[in-house]
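Please take a look at the model below and turn it around a few times. We will then walk through it together, from the overall fold to a few pairs of side chains.

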Amino acid sequence: MEGIVKQEALILQTKGIVPRLKDLYIRPTVDTKKLQGTIEAHTNGFRYTSRAGTKLDILYSNIKHAFFQPSKGEMVVIIHFHLKHPILIGKKKNTDVQVFAEVGEGMSDLHRAHYMHDRDDELAEQMEREERMKMDALFNNFRYVVIIKPYNDSFYMNLSNILHS
């Protein structure tokens, strides 16, 4: 397909612990429907694997910008990748890919009764704040671990410049 640059192969990390975030979604979707998956940071790129087993590799060398968006006032925590060259997802070229987790009341308890007592409302709000803080911390920790992975100087420079909030 025109405009698609052939990527080198992803080099899987085989030593130590592979930094990963679980129970995430991806946009655009890699499967026909929205399924959760896992993103892992390997030697030369990220690999997103959906629960259906579909894989999407994003190489560090193809990332122009990466942004971390905490859940401040939002229902999602996001890591957004803007790519130098488009990649094929499904049958479409994409230069923007997001991995995200849904947080808050909208994702955890859709069938709650609308008429709760004030005390229950306060408890629910506190639980939602704690869930947001937990997800923000998980994403931020993933970002931190990925930036300081001890491979080589070019790896450090590439990721520390592109992965910021």
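A residue is called buried here if its relative accessible area is under 20%, exposed if over 50%, and partly exposed in between (1.4 Å probe, protein chains only). By that yardstick, Glu128 and Arg132 are both buried. We will come back to this pair shortly.

First, some housekeeping. This is a predicted model, in which local features need pLDDT of at least 70 and side-chain atom pairs count only at pLDDT 80 or more, while totals for chains, interfaces and linings use all residues. Residues are numbered from 1 along each chain as its sequence is written, and side-chain values use heavy atoms, leaving out hydrogens and water.

Now for the overall picture. The chain has 3 helices and 8 strands; these are DSSP runs numbered from the N terminus, with helices (H or I) of at least four residues and strands (E) of at least two. Following the sequence, you meet them in the order β-β-β-β-β-β-β-α-α-α-β. Of the 165 residues in the chain, 38% are buried. The exposed surface comes to about 10,400 Å², and carbon and sulfur atoms supply 53% of it; the areas come from the Shrake-Rupley method with a 1.4 Å probe, and for residues only the protein chains shown count as cover. Counting a contact as heavy atoms within 4.5 Å, residues 24 or more positions apart account for 52% of the chain's contacts with a separation of 6 or more.

Let us zoom in on one hairpin. Strands E3 (residues 45–50) and E4 (residues 55–59) run antiparallel and are joined by 5 bridges; two strands pair if DSSP finds at least two bridges between them. Gly45 sits opposite Leu59 in E4. Between the two strands of this hairpin lie 4 residues, and Gly53 in the turn has a positive phi of about 95°.

What holds the interior? In soluble globular proteins, nonpolar side chains tend to be buried together. A nonpolar core is defined as a set of buried Ala, Val, Leu, Ile, Met, Phe, Trp, Tyr and Cys residues joined through side-chain atoms within 4.5 Å. The largest one here has 28 residues, and Ile39, Phe46, Phe81 and Phe139 have the most contacts inside it. E1, E2, E3, E4, E5 (63–69), E6 (76–89), E7 and H2 each supply at least two residues of this core, with E6 giving the most, 6 residues. Try clicking on Ile39: beyond its neighbours within four places in sequence, its contacts include Leu24, Phe46, Phe81, Val99 and Phe142.

Finally, the charged pairs. A salt bridge means a side-chain nitrogen of Lys or Arg within 4 Å of a carboxyl oxygen of Asp or Glu, and the whole structure has 5 of them. In one, the side chains of Asp23 and Arg51 meet at 2.5 Å, N to O. Asp23 lies in strand E1 (residues 20–27) and Arg51 in the loop between E3 and E4, so this pair ties together parts that are 28 residues apart in sequence. Asp23 is partly exposed, at 41% relative accessible area, whereas Arg51 is exposed, at 58%.

Lys34 and Glu102 form another, with the closest N and O atoms 2.7 Å apart. Here Lys34 is in the loop between E1 and strand E2 (37–41) and Glu102 is in strand E7 (residues 92–102), 68 residues apart. Lys34 is partly exposed at 46%, and Glu102 is partly exposed at 25%.

That brings us back to Glu128 and Arg132, whose salt bridge has its closest N and O atoms 2.8 Å apart. Both lie in helix H2 (residues 118–147), 4 residues apart, about one turn of the helix.
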